[in-house]
Amino acid sequence: MQNSIVTLLPMKRLSTRALNRALLARQMLLRRKKISALKAVEHLVGMQSQLPNSPYVGLWSRLVEFDQSDLADLYRARKVVRLAMMRSTIHLVSAADCLALRPVVQPVIERGFMGVFSKFLAVDDHAEIEAAGRMFVEERPATFSELSRQLNGKWPDRHGEAMAHAIRTRVALVQVTPRGIWGETSQASHSSAEHWLGQPLNKESSVATLVVRYLAAFGPATIIDAQSWSGLSRLAPVFEELRPSLSTFHDDRDRELFDIPDAPRPSSSTKAPVRFLPEFDNVLLAYKDRRRIVADAYKSLVYPNNGMIQPTVLVDGFVEGKWKIDANDKKATLSIETFRRLNKTELASIEEEAETLLEFAAGNAKAREIRVLGP
């Protein structure tokens with residue numbers, strides 16, 4: 001019998017710049033796409049949304065001729081919602097993804113509760129509290145303070161805040177409109193996803209589906225990257241199950257990366273335009289190793305200790321500054337702080353894109369100003 005010889009082909013290696021261009025292509029940041037806001041939100045597997053206006057800016061940076069009403073109308077039609085999802089943080093997701101993916105990340109939501117509030121409640125209390133809390137928010141949307149008071153009225157000897165967070169954990173609470181509507185101000189009031197959307201959660205959804213969706217939007221990525229983005233742990237068996245259907249690569253630190261075979265991976269020489277990203281944009285949070293988008297030297301400027309992920313400016317695909325808008329009835333000022341000295345061409349590109357952002361975000365201001373500060 002002849003001995004069979006297996007030849008192992010070398011694993012393709014992807015540079016940090018190549019990973020950056022793949023990310024920009026998946027995120028519609030190389031060129032704006034002419035697709036609906038709903039399709040964009042679904043492709044991105046949701047958009048982190050601690051601040052209600054952040055997804056509007058994120059979609060403006062990604063879509064052709066995006067208008068605030070394009071997203072506001074989806075909220076009003078209940079085609080998108082905001083609720084705790086990946087990493088137990090507030091995300092804007094489509095109604096379909098809310099129903100399909102919230103059960104998948106449920107262990108992440110529960111882990112957050114167990115680490116902070118579980119000590120205030122007996123395990124036997126949870127089912128009874130869940131039933132009462134669900135009844136309250138489905139009768140009338142409630143803020144967490146209102147929910148806490150209602151539960152304390154029923155159980156005055158128990159910890160009101162802990163009971164409210166138990167409801168957030170065990171019930172998929174969505175923030176109802178007008179919360180999330182551009183230009184509207186309101187407290188975050190909640191109802192159950194099932195009541196608000198008129199459909200049950202899909203308990204048959206799989207972690208593998210979420211992993212594939214993640215790779216389509218953020219790949220190539222490591223197992224640890226996927227865990228960091230989702231908040232889920234022990235994803236190695238899921239990746240091994242999917243391995244035959246995925247492509248694999250190595251990065252410049254010899255870590256194994258997984259990806260969808262036919263997903264875009266542009267040349268590292270592909271030109272990238274200036275883009276403005278909002279607070280908490282997921283391109284800044286989707287990886288354990290974030291060098292493909294933020295240099296190590298800038299981490300403290302983008303991820304300060306107060307937990308507020310900064311709104312950033314991409315130059316040649318990488319974070320090179322941060323921005324903010326100060327506005328009142330008379331004037332809107334867009335201030336940009338660059339992290340390094342930029343050349344004239346880069347500064348001109350920033351100012352050109354900044355003008356369109358200011359028109360989008362503060363078009364009603366009687367006067368508008370752009371300030372660029374740098375080292």
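Which side chain of opposite charge is nearest to R290, and how far away is it? Here are a few notes on this predicted model, starting with that residue.

1. The nearest side chain of opposite charge to R290 is D225, 7.8 Å away. R290 is buried and yet has no salt bridge, a salt bridge being a side-chain nitrogen of Lys or Arg within 4 Å of a carboxyl oxygen of Asp or Glu. A spot worth a look on screen.

2. As for its surroundings, R290 sits in the loop that runs between β8 (275–277) and α14 (299–302). Beyond its neighbours within four places in sequence, R290 is in contact with L284, L285 and Y303.

3. Strand β8 also leads us to a sheet. This open sheet has 5 strands in the order β8-β9-β10-β11-β12, and the pairing is mixed. Because β8 and β12 (367–373) stand at the edges with a single partner strand each, one side of each has no neighbour in the sheet. On average, neighbouring strands here are turned by 25 degrees against each other, direction ignored.

4. At the β12 edge, β11 (residues 331–338) and β12 pair in the parallel sense over 7 bridges. One residue pair to find is L334 with its bridge partner in β12, I370. Helix α15 (residues 344–362) packs on the sheet and touches β8, β9 (312–315), β10 (318–327), β11 and β12. The direction of α15 makes about 145 degrees with that of β12.

5. Finally, the whole chain: the protein chain has 15 helices and 12 strands, and 52% of its 375 residues count as buried. Its radius of gyration is 22 Å, which agrees with the value near 21 Å for a compact globule with 375 residues.

Methods
Residues are numbered from 1 along each chain as its sequence is written. This is a predicted model: local features need pLDDT of at least 70, side-chain atom pairs count only at pLDDT 80 or more; totals for chains, interfaces and linings use all residues. Side-chain values use heavy atoms; hydrogens and water are left out. Helices (H or I, at least four residues) and strands (E, at least two) are DSSP runs, numbered from the N terminus. Buried means under 20% relative accessible area, exposed over 50%, partly exposed in between (1.4 Å probe, protein chains only). Lys and Arg count as positive and Asp and Glu as negative; His and the chain ends are not counted. Contact means heavy atoms within 4.5 Å. Two strands pair if DSSP finds at least two bridges between them. Axes are lines fitted to C-alpha atoms, for helices over the stretch in contact, and angles run from 0 to 180 degrees between N-to-C directions. The radius of gyration is taken over C-alpha atoms; the globule rule is 2.2 Å times the number of residues to the power 0.38.
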